[in-house]
Amino acid sequence: ITFDIESPTELPQIKGSFFAGSTEVQALIVKFVKDYFTVYDSDNRQGLLDAYHEQAMFSMSACYNGAIEFRQPSLKMYTEENRNLIQLNKKDLSQKNKLLKYGRIPIISKLCTLPQTTHDTNSFIVDVSHVSSSLLSFTVCGMFKEAEKRDHRSFIRWFTRSFLTVPYGQGMVITNDMLTIINASTEQAQKSFKHPAPTPNSSPVQEVSP
Amino acid sequence: MTTFPEGVATKVDIAVQAGEEFYNLYYETFDKKRHLLAKLYMDTAKLVWNGNPADGKEAILKFFENLPSSEHKIDSLDCHPLIDQVSGGQMTIMVKTYGTVEFSKNKKRSFQQTFMLTSQNNKWMIVSDCMRFQE
């Protein structure tokens, strides 16, 4: 016999992307995310200028994965831009201000200096948290890898990016963009960047052993 | 050095200060006195928890009641103010956190969470809350 105030131990089922609002809103966000990351992964991020509001704000933070016990890839290429308020000196407001980019040109300049990337769009999860006629708020989570450089290897990492957008013309522009970069877990790294499996073939698979 | 127009600079400072106070308060309340979270959510607040939506304070609190006991540790925090065009002049901020959480009898997971908070009668209230495990 037990008591009825035992706390639950099971977690609710983890679900895929959540879209609030109409199918039009969903289509708008899906297109926006696709377009945004296509340009972001290209060799010219200046093409994102029109995606931002004149008074937009952007900042990024990078952090080691707290659920991994073993040694992790370095995040040193993000140190200078890291606006993680837990790691910054609590009293140093000027540093906190400096790391918040305000306006389209400072934002684009900053985006252009961040490492070249390839995102795995198959891994993307989009959660829409706020929909109204005047604003949309949503978060994109997923995997990306940095381009190989002479001075560092290409690592697979997890990112989460929270966008706040307002309607503009037929689409929308970003007023707030918050990016956080975290090292991927081993399982995440293994299952990302998998191309679709080839169509099954009737001929027996030839295995070559060394 | 980024120079903000004067009104923006003040808002940025307010956002940072509020975010730094909020994250400690929020996760401590979540882990130790979860029922008191009712005081932090607006009646019309929205939650998306790993793709599960809950609409309104009552539904959100009910959802939290069914979660196992928890222990959060926050490793990263960032905050922005909203511009007037979006907030309609009402002081509103975004707070983004990253950290780990252990729900009773479940493995330790890392997660991100994004909040929108607005000031009502001189108190910060949660407008929306979006949480996602890293997996």
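Helices (H or I, at least four residues) and strands (E, at least two) are DSSP runs, numbered from the N terminus. With that in hand I counted the elements of chain A and got four helices and six strands. Reading along the sequence, I wrote down the pattern α-β-α-β-α-β-β-β-β-α for chain A. The C-alpha trace of chain A spans about 60 × 60 × 40 Å along its principal axes.

A note on conventions. I am working with a predicted model, where local features need pLDDT of at least 70, side-chain atom pairs count only at pLDDT 80 or more, and totals for chains, interfaces and linings use all residues. Residues are numbered from 1 along each chain as its sequence is written, chains are lettered from A and ligands numbered from 1 in the order in which they are written, and side-chain values use heavy atoms, with hydrogens and water left out.

Chain B, the record. I looked up UniProt, where an unreviewed entry places "domain: NTF2" at residues 18-133 of chain B; such positions are given in the numbering used here, feature names are shortened, and annotations may be inferred rather than shown by experiment. Over residues 18-133 I found chain B to be 24% helix and 52% strand, with the end C-alpha atoms 24 Å apart.

The interface. I took contact as heavy atoms within 4.5 Å, and listed 56 residues from chain B and 64 residues from chain A. The two chains bury about 5,100 Å² between them, 63% of it on carbon and sulfur atoms; buried area is the accessible area (1.4 Å probe) that two parts lose on being put together, summed over both. On the chain B side, B:His80, B:Arg132 and B:Gln134 lose the most area to chain A, together 12% of what that side buries.

Salt bridges. The rule asks for a side-chain nitrogen of Lys or Arg within 4 Å of a carboxyl oxygen of Asp or Glu. I counted 14 over all chains, and three across the interface of chain B and chain A. B:Asp78 pairs with A:Arg83, the closest N and O atoms being 2.6 Å apart. Strand 3 (residues 70-81) of chain B gives the largest share of the side that touches chain A, eight residues. Within chain A, I noted a salt bridge between A:Lys31 and A:Asp35, with the closest N and O atoms 2.6 Å apart. Both lie in helix 1 of chain A, four residues apart, about one turn of the helix.

Aromatic pairs. Rings of Phe, Tyr and Trp (its six-membered ring) pair if their centres lie within 6.5 Å; planes under 30 degrees apart count as stacked, over 60 as edge-to-face and the rest as tilted. My search found 28 over all chains. A:Phe37 and A:Phe124 have ring centres 5.1 Å apart and planes at 70 degrees, so I logged the pair as edge-to-face.
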